[in-house]
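Open your viewer and get the selection panel ready. We will go stop by stop, and at each one I will suggest what to pick and tell you what is there.

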Amino acid sequence: MKSLQLNNGVTMPCIALGSWVGTDPKELARTSPWLLTALEAGYRHIDTAALYGTEGAVGEAIRQSGIPRKDLYITTKLPFHHTKRVRESLDKSLKRTGLDYFDLYLVHWPQVVVYKNNNPIPLNADGSMMLDETSDFNDTWKEMEKVLASGKVKSIGVCNFSIKTLERLLKTAKVTPAVLQIELHPYLAQNELLQWCKDKGIAVVAYAATGYAVVREDPIIVALAKKYNVTPTQIILSWHIGRGTGLVVKSENVSRQEENLKVIELHEEDARRVDALDKNRRLCILPDKQGKVFGWTFDRLGWQERVLQTEAKL
Ligand SMILES: NC(=O)c1ccc[n+]([C@@H]2O[C@H](COP(=O)([O-])OP(=O)(O)OC[C@H]3O[C@@H](n4cnc5c(N)ncnc54)[C@H](OP(=O)(O)O)[C@@H]3O)[C@@H](O)[C@H]2O)c1
């Protein structure tokens with residue numbers, strides 16, 4: 001499997017299996033078996049998060065697979081209401097998975113949220129997110145650097161940051177994030193952010209990498225799939241790999257898990273045709289009625305405000 005060399009010399013498999021399944025307890029309870037089929041199909045990188053509720057299932061699938069720990073790359077994420085208790089939160093994630101280290105530990109969101117009864121989404125009376133403005137992600141990062149030094153995580157990084165928030169992070173960071181995980185697909189190509197990260201030596205990993213049905217059904221993607229005799233998803237995932245990013249893709253279905261591992265090389269002119277589909281359109285994380293994402297405006301997130309479509313079909 002293709003891999004990326006991170007800025008600390010660590011090698012990360014480019015394709016990760018996603019493990020977010022929503023909050024339905026029935027879905028969560030049946031996660032471990034399809035994580036196991038993915039490991040059997042050849043995935044060696046699994047992406048989870050404390051907020052997903054799937055860390056235990058990841059640990060279970062790893063144990064059942066019998067694959068040596070050193071051959072696996074496991075990513076998890078620090079939730080935004082745990083930013084003042086990083087070490088404790090990490091220890092709980094390790095306990096849930098039964099692992100003694102993570103390969104990559106990511107700050108899930110730049111927001112700092114009040115810790116209240118361990119509720120990840122505590123709300124004020126007016127329904128807004130209960131943010132903790134007494135601390136910021138620069139403080140969180142200092143704690144991330146400490147857990148990196150402890151050896152319990154091999155690399156640290158962030159998710160959902162932008163040039164604006166990363167610039168602020170780097171003002172106080174001693175360790176440059178190894179990875180930035182963001183929403184990224186042909187309708188949201190993030191060209192400027194990718195170039196910025198390349199210049200700083202930060203590897204980019206795409207989530208919602210398929211762009212869902214709306215991108216799969218795009219006539220250009222469909223035409224390229226016919227031309228190369230592959231599926232639309234394989235065109236999209238191949239485009240990511242050709243751009244030098246990693247990606248997270250979630251599938252519960254064995255044949256789609258196998259399909260998603262088979263990337264091809266696109267000819268230069270075909271990669272440019274996919275590039276041209278960029279609409280700066282988010283499909284995964286959309287703002288609420290107040291135009292905010294977990295309490296922050298697009299401006300505060302440093303996300304470019306433009307077309308905000310809600311027609312995403314999974
Ligand atoms: N850091 C963050 O804030 C963040 C945010 C969102 C997601 N993530 C991570 O990224 C992962 C992936 O994100 P995502 O699930 O939103 O997007 P995705 O992987 O692009 O899309 C998953 C959906 O596509 C379907 N699918 C997968 N492969 C397919 C194929 N070859 N053909 C047709 N349909 C296919 C899956 O259905 P089946 O399962 O039925 O195949 C599922 O409904 C998550 O699981 C999570 O680990 C991170």
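The tour begins at the ligand, goes on to a helix beside it, and ends with two single residues.

Before you click, keep in mind that this is a predicted model.

**Stop 1: the ligand and its shell**

Select the ligand and the 27 residues around it; Asp-47, Thr-210, Tyr-212, Ser-251 and Arg-256 come nearest. Colour that shell by residue class and you should find eleven nonpolar, nine polar and seven charged residues.

Now show the polar side-chain atoms. Asp-47 has a side-chain N or O atom 2.7 Å from an oxygen atom of the ligand. Two of the pairs involve ligand nitrogen: the side chain of Glu-259 places an N or O atom 2.9 Å from a nitrogen atom of the ligand, and a polar side-chain atom of Arg-216 sits 3.2 Å from a ligand nitrogen. How much of the ligand's accessible area does the protein cover? On its own the ligand has 900 Å², and 89% of that is covered by the protein.

**Stop 2: helix 11**

Which element gives the most residues to the shell? Select helix 11, which supplies three. Helix 8 (212–216) and strand 10 are also worth highlighting, since they, like helix 11, each supply at least two shell residues.

Helix 11 covers residues 254–261, and its buried residues are Gln-257, Glu-259, Asn-260 and Leu-261. To see what these pack against, add strand 3 (15–18), helix 2 (31–41), helix 10 (232–242) and strand 10 (246–249).

**Stop 3: Tyr-52**

Move to the loop between strand 4 (45–47) and helix 3 (55–65), where you will find Tyr-52. An unreviewed UniProt entry places the feature "active site" at this residue. Is Tyr-52 buried or exposed? Its relative accessibility is 13%, so Tyr-52 counts as buried, the cut-off being under 20%.

Show its contacts beyond four places in sequence: Ser-19, Trp-20, Gly-22, Leu-28, Asp-47, Lys-77 and His-108. You have already met Asp-47, one of the residues that come nearest to the ligand.

**Stop 4: Thr-76**

Finally, select Thr-76 in strand 5 (residues 73–78). Thr-76 counts as buried because its relative accessibility is 0%. Draw a distance from its side chain to that of Glu-55 and you will see a polar contact of 2.6 Å. Beyond its sequence neighbours within four places, Thr-76 touches several other residues, including Thr-48, Ser-93, Phe-102 and Tyr-105.

For a last distance, pick the C-alpha atoms of Thr-76 and Ser-135: they are 22 Å apart in space, with the two positions 59 residues apart in sequence numbering.

Terms used:
Residues are numbered from 1 along each chain as its sequence is written. This is a predicted model: local features need pLDDT of at least 70, side-chain atom pairs count only at pLDDT 80 or more; totals for chains, interfaces and linings use all residues. Side-chain values use heavy atoms; hydrogens and water are left out. Buried means under 20% relative accessible area, exposed over 50%, partly exposed in between (1.4 Å probe, protein chains only). Helices (H or I, at least four residues) and strands (E, at least two) are DSSP runs, numbered from the N terminus. Contact means heavy atoms within 4.5 Å. A residue is near a molecule or strand if one of its heavy atoms lies within 4 Å of it. A polar contact is a pair of N or O atoms within 3.5 Å; within protein, one must be able to donate a hydrogen and the other to accept it, and residues adjacent in sequence count only if both atoms are side-chain atoms. Accessible areas come from the Shrake-Rupley method with a 1.4 Å probe; for residues, only the protein chains shown count as cover. Ala, Val, Leu, Ile, Met, Phe, Trp, Tyr, Cys and Pro count as nonpolar, Asp, Glu, Lys and Arg as charged, and the others, Gly among them, as polar. UniProt positions are given in the numbering used here, feature names are shortened, and annotations may be inferred rather than shown by experiment.
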